[in-house]
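The exercises below are to be worked with the sequence and the structure side by side. Each task is followed by a solution in steps.

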Amino acid sequence: MMGGHHAISGAAAWVAVTSTVPFTLGAHPLPVASVVFGALVTAGAALLPDVDHRSATIARSGGVFTWGLSAAASTVSGGHRHGLHSILAVAGFTVLSAALGRWDAVVPVLGLVHAGSALLLLALVAFSSKALDLTRGGTAMLWLSSAALVVIVLVRAPEQLEWLPISVMVGVVVHLVGDLITTAGVPLLWPWLPKPPRVVRSIPGMRHVWKASGYVALPVIGNAGSAREWVLCAALTVYLLYGLAATAGVLGLG
Ligand SMILES: [Zn+2]
């Protein structure tokens, strides 16, 4: 799946999990600010597994710094669509974001700040803004505008930090689902890549689902970037905009 489409599906999943589903079940959705800002953050989290790809959104978002980060992540995880596209990666990204949330630092003027969470939010907002083409003016403008937004949110609504690891988990899971439904598939159980037994391979169509490489796929949208992928993302965009408007009370529901 393409970067922008991963971002949109991450944002749509966040709105579904924190607003539509609780609302439908008669429970309280998250506060409006958490749904709206969380959608932007989860869109960025939905790009994280592709940090293993040196020309994907994350690598291109911050010059040599993010390119170097991407090159290192790619090398350590075995290359694109290897270790960072597995269940282990979901756990790793979630634990890492929770650990970052415990890092506080004393900053001149501001005093004690949640440095780890703030930096993670900054990165995720910058990644999603890049993928969704939300800013103009190059790399410096992208990071400055993202930093301004994060500072405003943390000053006015610091409770936003409570859901950050959950947002990361939702984003990474949605990314894996997005790649799972393409023909390339994902190595879900990496580093274990079980090969399909002969009896499974003999079932018509199964070689596209449980591949000889050990990757698995449910290729309902075909190749990455297919017309079906664009149709799916158009539908998700409509749902996302409707969900955000309904959450913000623009539609006068409830
Ligand atoms: Zn991917």
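**Exercise 1.** Is the site of the zinc ion, judged by the angles among its 4 donor atoms, regular or irregular?

*Solution.* The model is a predicted one, in which local features need pLDDT of at least 70 and side-chain atom pairs count only at pLDDT 80 or more, while totals for chains, interfaces and linings use all residues. Residues are numbered from 1 along each chain as its sequence is written, and side-chain values use heavy atoms, with hydrogens and water left out.

Step 1: identify the donors (N, O and S atoms within 2.8 Å of the metal, or 3.2 Å for Na, K and Ca; water is not among the atoms, so sites may look incomplete). The zinc ion is coordinated by D50 (OD), H85 (NE2), H175 (NE2) and D179 (OD), at 2.0 to 2.2 Å.

Step 2: compare the angles with the criteria. Four donors count as tetrahedral if all angles lie between 85 and 135 degrees, and as square planar if opposite donors are over 155 degrees apart and all others between 65 and 115; anything else is irregular. The angles here run from 86 to 173 degrees, and the site is irregular.

**Exercise 2.** Place the zinc donors along the chain, and find what the pair of H85 and D179 ties together.

*Solution.* Step 1: the donors follow the spacing D-x34-H-x89-H-x3-D.

Step 2: H85 lies in the loop between helix 4 (63-77) and helix 5 (87-100), and D179 in helix 8 (residues 164-180), so the pair ties together parts 94 residues apart in sequence. Helices are DSSP runs of H or I with at least four residues, numbered from the N terminus.

Step 3: H85, at 0% relative accessibility, counts as buried, as does D179 at 2%. Buried means under 20% relative accessible area, exposed over 50%, and partly exposed in between (1.4 Å probe, protein chains only).

**Exercise 3.** Locate the salt bridges, and state whether the partners in each are buried or exposed.

*Solution.* Step 1: a search of the whole structure finds 2 salt bridges, each being a side-chain nitrogen of Lys or Arg within 4 Å of a carboxyl oxygen of Asp or Glu.

Step 2: the zinc donor D179 forms a salt bridge with R81, with the closest N and O atoms 3.3 Å apart. This pair links D179 in helix 8 to R81 in the loop between helix 4 and helix 5, 98 residues apart, and both residues are buried.

Step 3: D133 and R136 meet through their side chains in a salt bridge at 3.5 Å, N to O, and here both D133 and R136 are exposed.

Conventions:
Four donors count as tetrahedral if all angles lie between 85 and 135 degrees; four count as square planar and six as octahedral if opposite donors are over 155 degrees apart and all others between 65 and 115; anything else is irregular. Helices (H or I, at least four residues) and strands (E, at least two) are DSSP runs, numbered from the N terminus.
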